[in-house]
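Thanks for making the time this morning. I would like to walk through a few local backbone and side-chain details, and I will keep to what can be read from the coordinates.

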Amino acid sequence: MNLSLNWLSSMLNRSLDAREVGDLLARAGAPVEAEEALHQDLGDVIVALVEKVDKHPNADRLSLCQVNDGSSVVEVVCGAPNVTAGKKYPYARVGTTLPGGLKLESRKIRGVLSNGMLCSAKELGLGVDHDGILELNTDAAPGTRFLDAMPLADHRITIEVTANRPDLLGHKGVARELAAAYGVPLRLPPFPGAPTDVREATRAKGAGAADGVEVRIEDAEGCPRYLAAVIRGVKVGPSPDWLQARLRAIGARPINNVVDATNYILFELNQPLHAFDLARLKGPAIVVRRAKPGERITTLDGVVRVPDGEMTMICDATTPVAVAGVMGGQNSEVSSDTTDILLECAYFEPRRIRRTRKALKTSTEASYRFERGIDLQSAPAALRRAVELLVAVAGGTVTGSVDVYPSPVHEPTVFLRTDRVAHLLGVAVPVGDIERHLVSVGFAVAPKDHRLAVQVPGWRPDVTGEVDLIEEVARLRGYDNFPVEIRAFRPSTVPDDPGERVKDAVRRLLTGRGLHETRSFPLGAQGSPEAVELENPMSAEEAYLRTDLSPGLVRALEHNWAVRERDVRLFELGIVFRKPNAGKRPVETLRLGAVVSGARTPSHWTVSGKALQYDRWDVKALFEEAAALAGAFGRVVEDGDGWKLEDASGRVCGWAGELTADRPAWAASAFGFELDVHVGQRRVVVFAPLPGTPPVERDLALVLKPGVRADQVEAVMRRVGAPLLETCRAFDEYRSEQVGGRSVAWRLVFRAGDRTLRDEEVDAVVKKIVGTLKEELDARLRES
Amino acid sequence: MRDKLNDLASAAAEIATADASRLAELKVSLLGRKAGKLTELLRELPTLSHEERRTLGAQANELKKKIEADIDERERTLATPSGAGADVDGSMPGRQAWRGALHPVTLVVDEICEIFRELGFSRVTGPEAETEEYNFTKLNISLDHPAADAQDTFYVGQGTLLRTHTSPMQARVMETNKPPIRVVVPGQVYRRDAFDPSHSPVFEQLEGLAVDEGLSFVDFKAAIDYFVKRFFTRDTVVRFEPSFFPFVEPGAQVQVQCVMCRGSGCSTCKQSGFLEIMGAGMVHPEVFTRCGLDAERYTGYAFGMGPQRIAMLRYRIPDIRLFFEGDMRFLGQFT
Ligand SMILES: [Zn+2]
């Protein structure tokens with residue numbers, strides 16, 4: 001919402017400082033988004049008195065003026081027909097830069113030196129020229145800054161208005177908050193030239209008439225109140241300068257006096273109005289009703305609309321002439337020929353307007369306000385002020401007005417318990433203060449049985465309950481005026497999410513291994529038939545939720561390659577989505593994914609040549625360790641060139657292996673893994689007593705037949721070696737024709753908890769292991 | 001042949017103690033291409049019987065590997081100066097390992113949660129796909145009201161949506177726990193906003209909720225003030241201004257003194273000297289009622305903030321998109 005500081009100032013009858021007003025409004029709940037001093041580019045223009053006007057010796061249309069600029073009298077050539085001796089005009093001295101960037105120099109015009117320029121409104125960026133240069137009606141002495149002499153020096157303040165405060169969408173509502181803050185009265189100044197005898201509109205139930213024009217509400221649900229005034233004999237034309245200046249100050253474009261007057265009231269009182277050309281209303285009548293099947297209307301923006309039966313329309317005796325609360329129709333638009341006007345001032349039901357403007361995909365200043373709820377009670381006052389303004393700027397006379405109000409409602413009363421104020425705010429606010437605060441912004445307060453009966457004014461539709469009033473008290477007292485004081489509290493009964501513990505453990509593991517945590521964007525192209533599709537995506541490339549983390553990780557990998565980062569180590573913990581099994585909500589699974597590529601360690605000068613590169617064995621170990629921390633209890637098994645993680649029931653819940661990526665020639669292979677994070681029982685660590693006996697080591701080099709796997713061998717070792725075998729670990733692999741294929745060496749560590757093992761004892765176990773391996777897997781010892 | 005192998009093995013034992021010149025001799029005498037003893041021995045292999053060739057061949061090859069490795073290691077040791085008077089260049093770099101870093105959003109979220117833990121808040125998470133009921137209705141947000149326009153929503157079918165804020169967890173926590181409730185809820189949220197340097201359709205939010213008998217606006221202000229001063233600096237000025245969110249009343253917007261200019265005004269704070277960091281307020285009684293708690297008996301406060309935005313302020317990150325790229329040069333800065 002754009003505000004003019006002058007406009008606000010005129011209602012408070014005092015000068016205002018833009019910065020201070022901004023602070024006050026922020027404290028009232030409407031923070032300032034922008035603040036701009038207007039027309040600062042006119043700072044060098046001054047008021048000058050033309051003392052004498054002569055004809056230019058060499059040109060009929062030009063005048064030669066003696067101009068008093070306060071310090072001296074200079075000669076200025078002027079081309080405007082209206083220049084008159086004894087009058088004052090805006091004057092730009094030599095050296096002044098005008099809006100648009102024109103810098104004035106003294107130059108010869110038809111042989112006569114002209115020192116500066118007498119300016120027109122257009123040259124000053126103040127609108128269109130009427131008669132030439134801008135004649136100033138001012139007492140200011142020559143030499144006075146033009147901005148100081150004219151009411152143009154204004155500030156535009158843009159505030160953010162929350163959806164609950166429609167009253168702040170008008171200058172009056174904002175001024176009301178300022179009046180409360182400054183402790184000054186709020187008064188709307190009368191318009192120059194306005195009639196003083198405009199009467200309040202005549203009340204009517206469901207239908208009435210204004211100067212012979214029938215006004216009837218058939219859809220009272222969509223339109224609880226409709227006021228109309230008939231003004232005859234207007235002259236449509238440009239608005240006076242002050243009105244144009246006001247509108248320009250808030251960024252609105254002046255159109256003609258009738259439209260400008262309605263806009264002015266909209267921005268002043270937050271009451272949208274609409275002016276119909278009375279001559280074009282059939283009947284003449286106004287009927288407020290739902291749209292009928294087959295009806296169409298061409299709105300002011302030139303679009304043909306086909307309203308549905310849920311929309312409230314303003315119609316004449318036969319056809320729609322406006323979409324209620326949204327936009328008028330071309331068929332009843334005011335034109336330069338218009339002489340008689342029907343001025344609409346109505347209240348439309350907020351949800352109805354919201355629905356209509358959404359269905360028509362057209363939001364207007366009017367619909368924006370109606371859907372937030374305007375002031376139902378103050379409509380008659382708004383109509384009267386609108387009529388005053390209209391007659392002041394466009395002439396004519398009011399010949400009748402009507403206020404059709406089928407079911408009048410009173411201002412609601414909300415009760416406030418003063419002890420509840422203290423209970424919720426934590427500070428006892430004296431009753432007198434509560435009353436004073438509420439009254440300052442227009443509530444009427446009366447004590448009633450230990451409570452306050454608070455009457456809510458029409459412009460505050462947001463206040464419906466006690467807590468709304470408590471907020472008002474807090475707001476008007478000032479949030480900063482409550483203490484900051486840590487008081488005793490009871491601890492939470494809610495347990496921590498156990499998943500956080502698992503995530504922490506995974507993060508410690510993988511950052512410890514040198515991987516950086518990343519977060520990839522969870523929307524993308526369809527990742528699998530199981531992917532959840534967005535109904536209203538922003539683009540086709542981001543129309544699905546991810547089903548896996550690896551596409552995002554591969555994208556990140558490729559991004560790094562694209563910026564010439566060769567060594568990439570990333571992991572991600574994130575949610576993936578699949579279509580719902582049953583019910584409505586998609587299935588969400590917490591996933592862990594990782595990718596590594598490039599050097600396994602940073603290079604070091606003691607190791608010449610190229611550092612070792614990550615390979616599948618790195619990723620297998622990471623996968624196993626991560627699975628042990630975060631996976632379902634299960635096992636890692638071979639799967640093609642890679643591995644998969646199976647849970648106890650055999651369901652696959654993770655994989656590891658080489659990744660396919662768009663790899664530049666200089667980049668290393670990439671490996672990765674991904675697994676479902678399973679939040680299981682917390683692992684309890686129980687201390688194992690340190691061994692008091694020495695270990696005995698034996699190395700076994702075995703020649704394995706094709707197809708025999710190391711884990712099979714180890715399973716035999718553990719089974720047969722128990723209980724003396726403590727660990728067994730493969731430490732070498734050798735492939736050669738000479739050994740007849742593949743030979744793998746294991747280091748076995750034996751230990752007895754209660755005694756030192758003798759060699760013979762160990763040899764016997766080893767022999768038994770070797771025998772069983774031969775028997776079950778046809779594995780034999782490598783001869784030496 | 002077997003003897004020769006044994007001889008070679010004992011000769012090889014000398015490698016470990018040989019000085020540089022002796023090592024060079026050994027290298028030639030054992031592995032020399034022409035007259036190296038081991039080389040010669042390997043040349044003899046084809047003349048042996050098949051059986052011998054298999055067993056001795058394997059041993060000879062293994063011995064060759066070992067000798068090569070031993071010589072290599074000894075050479076390295078000799079090449080590295082040590083001991084008194086040796087010319088060690090200690091300015092050469094030490095041997096490093098890769099160091100991984102947590103994502104800046106994780107760092108910020110963890111720190112916020114830890115600070116609120118000092119105030120007795122536990123940490124929970126909730127679903128990202130939500131129902132209209134939890135995302136809006138239970139939070140007193142009517143889709144009929146313009147207040148809902150602030151949350152342009154992605155729908156995924158059957159009235160299900162991607163949560164537009166972490167606030168649905170307020171309802172879920174209140175429905176499944178008895179007060180006193182004190183929780184913080186970090187998590188990802190979704191809005192139909194175009195990407196720009198400060199907006200993303202997906203971003204992190206962190207919700208807080210405290211519910212008990214007798215919690216007041218003073219408790220609320222104190223908790224937020226405590227957090228801000230712990231997270232930023234003790235002398236950071238905190239400002240509370242009225243604002244509107246349908247699920248809190250009184251509603252507030254919390255601003256902190258600009259971290260860039262310390263309040264004097266700069267481009268980050270649009271010359272205001274303050275930065276908005278969270279929306280907050282006292283839980284609206286209607287929310288209690290809709291979540292099955294007695295609104296007369298219980299009061300509480302709630303707040304929501306954007307860890308990405310806070311991370312951007314803390315680490316002076318200029319563009320939100322950096323959070324999603326997985327750029328090693330970016331992520332590596334947070335070790
Ligand atoms: Zn700043």
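I will take a residue in a helix, then two cis peptide bonds, and finally two residues with positive phi. Please bear in mind throughout that this is a predicted model.

Let me start in chain A with Arg385(A), which sits in helix H9, the helix spanning residues 379–394. Is this arginine buried or exposed? Its relative accessibility is 7%, and because the cut-off for buried is under 20%, Arg385(A) counts as buried. If we set aside the neighbours within four places in sequence, its contacts are Leu188(A), Pro189(A), Pro190(A) and Phe191(A), together with Ile265(A), Glu268(A) and Leu269(A).

Staying with chain A, I turn to the peptide bond that runs from Ala722(A) to Pro723(A), which is cis, with omega near 0°. Pro723(A) belongs to the loop that connects helix H16 (710–721) with strand S37 (725–736).

Chain B also has a cis peptide bond, from Glu249(B) to Pro250(B), and there omega is near -5°; Pro250(B) itself is placed in strand S8, residues 248–257.

That brings me to the positive phi values. For Asn140(B), which is not a glycine, phi is near 65°, and this residue is located in the loop between helix H6 (132–135) and strand S3 (155–157) of chain B. Arg262(B), again a residue other than glycine, has phi near 55° and lies in the loop between S8 and strand S9 (274–283). With a relative accessibility of 38%, Arg262(B) counts as partly exposed.

Technical notes: Residues are numbered from 1 along each chain as its sequence is written. Chains are lettered from A and ligands numbered from 1 in the order in which they are written. This is a predicted model: local features need pLDDT of at least 70, side-chain atom pairs count only at pLDDT 80 or more; totals for chains, interfaces and linings use all residues. Side-chain values use heavy atoms; hydrogens and water are left out. Helices (H or I, at least four residues) and strands (E, at least two) are DSSP runs, numbered from the N terminus. Buried means under 20% relative accessible area, exposed over 50%, partly exposed in between (1.4 Å probe, protein chains only). Contact means heavy atoms within 4.5 Å.
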